[in-house]
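User: Could you walk me through this structure with a few questions and answers?

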Amino acid sequence: MPYIESVLNSVVDKNPNEPEFHQAVREVLESLQPVFQRFPRYQEQRILERITEPERSILFRVPWVDDAGTIRVNKGFRVEFNSAIGPYKGGLRFHPSVDLGILKFLGFEQIFKNALTTLPMGGGKGGSDFDPKGKSDNEVMRFCQSFMNELFRHIGHVTDVPAGDVGVGSREIGYLFGQYKRLRNEFTGVLTGKAVGWGGSLVRPEATGYGSVYFAEEMLAVRNQSIEGKICLVSGSGNVAQYTVQKLLQLGAKPVSLSDSNGTIYDPDGFSAEKFQFVQELKNVRRGRLAEYQTKYPTSKYLADQNPWSIPCDCAFPSATQNEINGEAAAELVKNGCNLVCEGANMPCDFDAVSIFQRNQVLYGPGKAANAGGVATSGLEMAQNAQFMSWSRDEVDVKLKSIIKNIHQSAYSTAAAFDSPGNYLIGANIAGFLKVANAMIDQGVV
């Protein structure tokens, strides 16, 4: 469609050297062709030109002092992408790969993910090229305090509510919140992912991983199948991957892999509760490498500098980072019997991989739908903070499962309504887009 193609070309021209952002925009816009064919008002209102441009991008310097007394300087970012349906909502990522293009890709995805939850949250993302790995607690604290010294001017519980992401866990959220409270002299729900003892929500750490598995259950149910007994590959070993494994175990599946930046651990016997506890202690407490798993459990295999996608499986849960599954890996998964891919990470499958899955009738759950459990539970945390209440674990988990079920139904029914039955990517993109676009039209040219 000439209009969509012209917008895509304009995005690339205006945002050079940002390939991840280009990829995210292209994935969404190409799904929207049937919408623009049916409803010309979205073109007349120039919704695509407006929705692909952040409302605000904030860049700032973050100076801090390491334990040796040396002054260090990092870059800080916050991309406030779209507030049509609520305050900006999206995580903070601390990782050396962070740049403006990465955060624009993540913030753009967040717009539609948040819309799918049906909760009143806009889309945003932020972070820094700071690497917390190998830093002492005091160094991380000093960095977080310096980062918040600038960020606090731009956020608030009804303006912009950040959360954690890669490199930003409960430790970092605690330091960030403490500095915000000190600067503003107020205790408010400005950050989510807080510890339960001071405003956090039960199930929030588990929510992205749990939600990914719940979404996989919903997809399988359409084919009258169950997750029970399925051999499952999981990549990554952070928060999302760990709780994906935990929920798979609870539901009777057989997760057999995890990975980190050095390689993959493959346990053909499957993880058990005991093995899972070892991984949690290794990664969360000792911050070690997965290679140690093989020393503890010698029947496992360690695949140095490899990802898990060559291992035969029924289901794959890419939960590490963007573009970790390319066309070659996707073809290998299909050849080895994989019939479901559910994205725990953001955009972990590239265009070639998605095309291969769809051509081979593999159930494919795109990240904006499948991993929305994290931000959905952040929204529930915001609700609890606003009411000065704390809900039980069961209450939150029931609400999370209900939200994921509704996201699945929305994506499934929307795909069918736009002549693409079973295509969750098209269904999720269109459903999220329509909610945000209609709000933008209602609110005028702002």
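The turns below go from overall size to a helix pair and then to a pocket.

User: Happy to start with the basics: what is the radius of gyration of the protein?

Analyst: This is a predicted model, where local features need pLDDT of at least 70, side-chain atom pairs count only at pLDDT 80 or more, and totals for chains, interfaces and linings use all residues. Residues are numbered from 1 along each chain as its sequence is written, and side-chain values use heavy atoms, without hydrogens and water. For 446 residues, a compact globule would come out near 22 Å (rule: 2.2 Å times the number of residues to the power 0.38, over C-alpha atoms). The protein agrees with this, at 21 Å.

User: Thanks! How are α2 and α6 oriented to each other, roughly parallel or roughly antiparallel?

Analyst: Helices here are DSSP runs of H or I, at least four residues, numbered from the N terminus. Helix α2 (residues 19-31) and helix α6 (residues 100-116) pack at about 25°, between N-to-C directions of lines fitted to C-alpha atoms over the stretch in contact, on a scale from 0 to 180 degrees. Angles under 35 degrees count as roughly parallel and those over 145 as roughly antiparallel. The two helices, α2 and α6, are therefore roughly parallel.

User: Lovely. Which helix gives the largest share of the lining of the second largest pocket?

Analyst: The second largest pocket is lined by 27 residues (an atom within 4 Å of a point on a 1 Å grid). Nearest its centre lie E381, M382, Q384, N385 and A386. The largest share of the lining, eight residues, comes from helix α16 (residues 373-387).

Key: Angles under 35 degrees count as roughly parallel, over 145 as roughly antiparallel, 65 to 115 as roughly perpendicular and the rest as oblique. On a 1 Å grid over the protein atoms alone, a cavity is a set of points where a 1.4 Å probe fits but cannot get out, and a pocket is an open set with protein on both sides within 12 Å along at least five of seven lines; lining residues have an atom within 4 Å of a point.
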